[in-house]
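Reader: I've got this one open at the bench and would like a close look at a single part, the place where two helices pack, plus a few loop residues for context. Can you walk me through it, and tell me how far to trust the model?

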Amino acid sequence: PETPRDYAHPYTAGSPREQAMQLVHFILNFLTVVFALVFLFTNNAKGYRFCLLSAAVLFSMLLFDAIGLPRLKLDYLQRVLTNTNGQYLVHTLIFLPGAPLIFALLPVVMCAAVNVAGPAFIYIASVVPAVDRHAEAFHRTMARMQMGILKMNAQLEIVTILALGARRSIVVAVAYAQLTMIKYHVNPHTRALWNSVGLWVDRLAARCPRPIEMVIRKARGFFTRLVAPPAPQAGRLTSVVTSPSPPLPLP
């Protein structure tokens, strides 16, 4: 899988165009975090929508930079859905029109916060030399956080589906479930989590009376068949991390 880009210093490495794009990415990540905080502290729906909108613009830029501008072709759609930035873009578009849901914000906000922290640290280190000696420890911490966020986002998928079910948002729940099924094929963290859930369901079924066990196993088999078709072959996973931390291979 493709790894995050390794920028030596924010807004100074690469061509003028690359420097400008890095600055735009930082601004969009920063706005995503700010609007999320506005929503959390004021419960203002505008903060929620502007947060998702900022993230959607960022993911669109990263996606189009990786696979090119949109085209009305099936193989292009497959590349979008098997690209991590494409999946996050679809995520933001699914939840943007509906009622605010905190679990929909968390995945994009955590990614944005990490992407803001990287350039911010390097800028502070360039102004305060004493901070620079902590750079290696900082990058190690960032790498651990990046992997932790990817795993946590997979866990949030289950919580989000349950929250949508409790809210009876059927259309949004179905759309998000479809996205999750696509992630199951191409995202190792999502696949590992749902496999763990399947094992837990098997253990639960084994402890139930025979009639209930049969119902649980039939339900599990039904959901397993939903994701049984092979995954699209076009496209590849790319990281949503755009901070200047060292490259982090995704398994």
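Author: Here's the helix pair, after a word on confidence and before some loop residues. This is a predicted model, so local features need pLDDT of at least 70 and side-chain atom pairs count only at pLDDT 80 or more, while totals for chains, interfaces and linings use all residues. Residues are numbered from 1 along each chain as its sequence is written, and side-chain values use heavy atoms, with hydrogens and water left out.

On trust: the protein chain has an average pLDDT (the predictor's confidence in each residue, from 0 to 100) of 77, and 82% of its residues score at least 70. Among the elements, helix H2 (residues 45–67) has the highest mean, 92, and helix H6 (residues 129–132) the lowest, 71. Helices here are DSSP runs (H or I, at least four residues), numbered from the N terminus. Over residues 230–251 the pLDDT stays under 50.

Now your part. Helix H7 (residues 135–167) packs against helix H9 (residues 188–206) with axes 9 Å apart and at an angle of about 50°. The axes are lines fitted to C-alpha atoms over the stretch in contact, and angles run from 0 to 180 degrees between N-to-C directions. H7 and H9 are therefore oblique to each other; that word covers what is left once under 35 degrees is roughly parallel, over 145 roughly antiparallel and 65 to 115 roughly perpendicular. The crossing of H7 over H9 is right-handed, meaning the near helix is turned clockwise from the far one by less than a right angle. Who's touching? Residues of H7 including Met147, Leu150, Ala154 and Ile158 meet a set in H9 that includes His189, Leu193, Trp194 and Val197, where contact means heavy atoms within 4.5 Å.

H7's Arg167 also turns up among the contacts of Pro100, alongside Phe39, Ala45, Tyr48 and Arg49, leaving aside neighbours within four places in sequence. Pro100 sits in the loop between H4 and helix H5 (102–127), and at 27% relative accessibility it counts as partly exposed (buried is under 20%, exposed over 50%, partly exposed in between, using a 1.4 Å probe and protein chains only). Its C-alpha is 6.4 Å from that of Ala45, 55 residues away along the chain.

Two asparagines in loops round this off. Asn83, between helix H3 (74–81) and helix H4 (84–95), is buried at 2% relative accessibility. Asn43, between helix H1 (16–42) and H2, is exposed at 60% and has a positive phi of about 60° despite not being a glycine.
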